[in-house]
Amino acid sequence: MEIIFGPERGPVAVDDLPRHYPWPERDGAAYVRAMMVCTLDGAAAGADGLSGSISGDADGEVFVAVRRFADAVLVGGGTLKSEEYGALRSTADDAERRVAAGQAEAPVIAVVSGSLDLPLGEDGFTGSTRRPLVFTTADPDPERLAAVRERCEVVHADGAEVEVSWVIDRLVERGLWRIVCEGGPTLLRDAADQGRLDEADLTFSPMLVGTASTPDTELLGDPRSFALTQVIAAEEFLMARYTRRDVA
């Protein structure tokens, strides 16, 4: 793994990756970074409809590194279910470092779901170190709500929609300002459209697969401009960091 563009260049060890994906201090404001992967022809998923089929080991190492010292991992319910999210835990060393830095011992999974159609088995996301947060509408299905409440903390929006910006504000109120937004595409699109996306960490996968399994999203009302900050190359993958131009 080698940094080929950025303030530092040269080989980088896997355990040193978090240093190259720093969380800038924001005086209590959120810092939201998106984690995405796409193929050479712009697909966000392979033939199975999942991102894992277009990812690689190097991309996975970066994915884990960005999560390690985040406060929250934000994901849509559909993505959480289809990608079969497992439990979110920290190693003993990371937990010690996090606590010493004033963070909780592990990140929390924050799920946005209006339907509450979530996988609640003990071997999935509900087995995380910290009780997951689920953000839903004011009046979701009562039976599903009761089931989710047994394993997660539920936070209700005021109406029939759950806006990403509102969710981010609720996370910040809990001191969870280092936020990794992992999709799906609609959640990422809305975070950008609402002006809440500070960084896009995009992996370019060396594949051509077609875009039939990649959902379409609406055009942004105001296109966002990002600056290329860093590029890491490994296993023919390129892992690029883009930061918003108007973010200090």
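Which residues make a nonpolar surface patch of about 300 Å²? In this predicted model, the patch is made by I4, F5, L228 and L238, and the close-up views below begin there.

**View 1. A nonpolar patch on the surface is made by I4, F5, L228 and L238.** The patch has an area of about 300 Å². One of its residues, I4, belongs to strand β1, which covers residues 2–5. I4 counts as partly exposed because its relative accessibility is 39%, a value that falls between the limits of 20% for buried and 50% for exposed.

**View 2. The largest pocket holds about 1200 Å³ of space.** Its lining is made up of 42 residues, and those closest to the centre of the pocket are M35, M36, V37, A44 and L188. Two or more lining residues come from each of the elements β3 (31–39), α1, α2, α6 (185–193) and β9. Sorted by class, the lining of this largest pocket contains 19 nonpolar, 15 polar and eight charged residues.

**View 3. The second largest pocket holds about 310 Å³ of space.** Here the lining consists of 15 residues, among which V112, V162, T186, L187 and D190 lie nearest the centre. Helix α6 gives the most to this lining, with four residues. By class, the lining of the second largest pocket divides into five nonpolar, seven polar and three charged residues.

**View 4. The structure holds one cavity of 30 Å³ or more.** The volume of the largest cavity is about 30 Å³, and the residues that line it are Y21, M35, D59, V62, D201, L202, T203, M239 and A240. The elements that give two or more residues to this lining are α1 (57–68), β9 (199–205) and β11 (237–244), and β9 gives the most, with three residues. The lining of the largest cavity has six nonpolar residues, one polar residue and two charged residues. M35, listed here in the cavity lining, is also one of the residues closest to the centre of the largest pocket.

**View 5. A cis peptide bond joins G183 and G184.** The omega angle of this bond is about 10 degrees. G184 is located in the loop that runs between β8 (178–181) and α6. Helix α6 also appears in the views of both pockets, since it is among the elements that give two or more residues to the lining of the largest pocket and gives the most to the lining of the second largest pocket.

**View 6. E235 and E236 have positive phi angles although neither is a glycine.** For E235 the phi angle is about 55 degrees, and for E236 the phi angle is about 70 degrees. E235 is placed in the loop between β10 (226–234) and β11, and E236 is likewise found in the loop between β10 and β11. With a relative accessible area of 49%, E235 is partly exposed, whereas E236, with a relative accessible area of 69%, is exposed. The two residues therefore fall into separate classes, because the limit for exposed is over 50%.

**View 7. G78 is found in helix α2, which covers residues 77–82.** G78 counts as exposed because its relative accessibility is 54%. Along the chain, G78 and E8 are 70 residues apart, and their C-alpha atoms are separated by 37 Å. Helix α2 itself is one of the elements that give two or more residues to the lining of the largest pocket.

Terms used:
Residues numbered from 1 in each chain as written. Predicted model: local features only at pLDDT ≥ 70, side-chain atom pairs only at ≥ 80, totals over all residues. Heavy atoms only, no water. Patch = residues over 30% accessible without salt bridge, like charges linked within 9 Å, V, L, I, M, F, W, Y side chains within 5 Å. Areas by Shrake-Rupley, 256 points an atom, 1.4 Å probe, with all protein chains shown as cover. Salt bridge = Lys/Arg side-chain N within 4 Å of Asp/Glu carboxyl O. Buried < 20%, exposed > 50% of the residue type's maximum accessible area, 1.4 Å probe, protein only. 1 Å grid on protein atoms, 1.4 Å probe; cavity = no way out; pocket = protein on both sides within 12 Å on 5 of 7 lines; lining within 4 Å. Points joined across faces, edges and corners; volume = space filled by probe spheres on them. Nonpolar A, V, L, I, M, F, W, Y, C, P; charged D, E, K, R; others polar.
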